[in-house]
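Morning, everyone. I have one structure to walk through today. Please bring it up on your screens.

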Amino acid sequence: MCFVRFRDVKERLRERSLRDNEVLPYLLLDCVVYALPGAAGEHGLILFLWRLIIAIGGVIYVYNSNGGAYGFDLVQKFLILGWVVFFRFLLVFLPVFIVSVLLGFSTATLGGMLLLITLDIIVYQRIGRHIRDTTQ
């Protein structure tokens, strides 16, 4: 895994010689970093730990939905299909978020935390489901 030097990984990307199990750590770290903003507030650590568990489990689920070690183009599928899933959720759940804010829910409350955790689980499930459609 590369953290500082690009040369080797760029060459492998150019050659399309990276396997999904080699890019999995990058995707996993990206999703773990995504869980970090929930670490603020009174219950921030609890929310962060749940989102961390969901991110790790979600990426493993998506990886397996893509065929595991025999899959291909995991990151491309995750980014493209994940964007569509996210945008659809934004359209559907934006009213839910507005109502929850008006009712005083936030990630600092148990209800807000449960809503965010539930949405995280659903998003990973939907991404995995759509990725599975690309492997058949």
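Start with one pair of helices, α4 and α5. They pack at an angle of about 150°, and their axes are 9 Å apart. The crossing of α4 and α5 is right-handed. Keep in mind that this is a predicted model.

Who touches whom in that pair? From α4, the contact residues are K77, F78, L81, G82, V85, F89, F93, V96, F97 and S100. From α5, they meet L115, L119, I122, V123, Y124, R126, I127, H130, I131 and T134. Sort the contact of α4 with α5 by class and you get 14 nonpolar, 4 polar and 2 charged residues.

Now step back to the whole chain. How many helices and how many strands are there? The chain has 5 helices and 0 strands. Going along the sequence, the pattern reads α-α-α-α-α. The C-alpha trace spans about 55 × 35 × 20 Å along its principal axes.

Next pair: α3 and α5. Their axes come within 9 Å and cross at roughly 10°. Angles under 35 degrees count as roughly parallel. So α3 and α5 are roughly parallel to each other.

Look at the residues here. On the α3 side we have I46, L47, W50, R51, I54, A55, G58, V59, Y61, V62 and S65. They meet M113, L116, I117, D120, I121, Y124, Q125, I127, G128, R129, I131 and R132 in α5. By class, the contact of α3 with α5 has 15 nonpolar, 4 polar and 4 charged residues.

Third pair: α2, residues 20-35, and α3, residues 44-65. The axes of α2 and α3 come within 9 Å and cross at roughly 155°. That angle makes α2 roughly antiparallel to α3. The crossing of α2 and α3 is right-handed.

The contact takes D20, N21, L24, L27, L28, C31, V32, Y34 and A35 from α2. From α3 it takes F48, R51, L52, A55, I56, V59 and Y63. The residues of the contact of α2 with α3 divide into 13 nonpolar, 1 polar and 2 charged. Note R51, A55 and V59 of α3. They are in this contact with α2, and they also appear in the contact with α5.

Last stop: the largest pocket. Its volume is about 540 Å³. Which residues are the closest to its centre? Of the 18 that line the largest pocket, they are Y34, G82, F86, D120 and V123. We have met some of these already. Y34 is in the α2 contact with α3. G82 and V123 are in the contact of α4 with α5. D120 is in the contact of α3 with α5.

And which elements give two or more residues to the lining? They are α2, α4 (74-102) and α5 (110-134). The largest share of the lining comes from α4, with 9 residues. By class, the lining of the largest pocket has 15 nonpolar, 1 polar and 2 charged residues.

That's my tour. Thanks for listening.

Conventions:
Residues numbered from 1 in each chain as written. Predicted model: local features only at pLDDT ≥ 70, side-chain atom pairs only at ≥ 80, totals over all residues. Heavy atoms only, no water. Axes fitted to C-alpha atoms, helices over the stretch in contact; angles between N-to-C directions. Helix = DSSP H or I, 4+ residues; strand = E, 2+ residues; numbered from the N terminus. Parallel < 35°, antiparallel > 145°, perpendicular 65-115°, else oblique. Left-handed = near helix turned anticlockwise from the far one by under 90°. Contact = heavy atoms within 4.5 Å. Nonpolar A, V, L, I, M, F, W, Y, C, P; charged D, E, K, R; others polar. 1 Å grid on protein atoms, 1.4 Å probe; cavity = no way out; pocket = protein on both sides within 12 Å on 5 of 7 lines; lining within 4 Å. Points joined across faces, edges and corners; volume = space filled by probe spheres on them.
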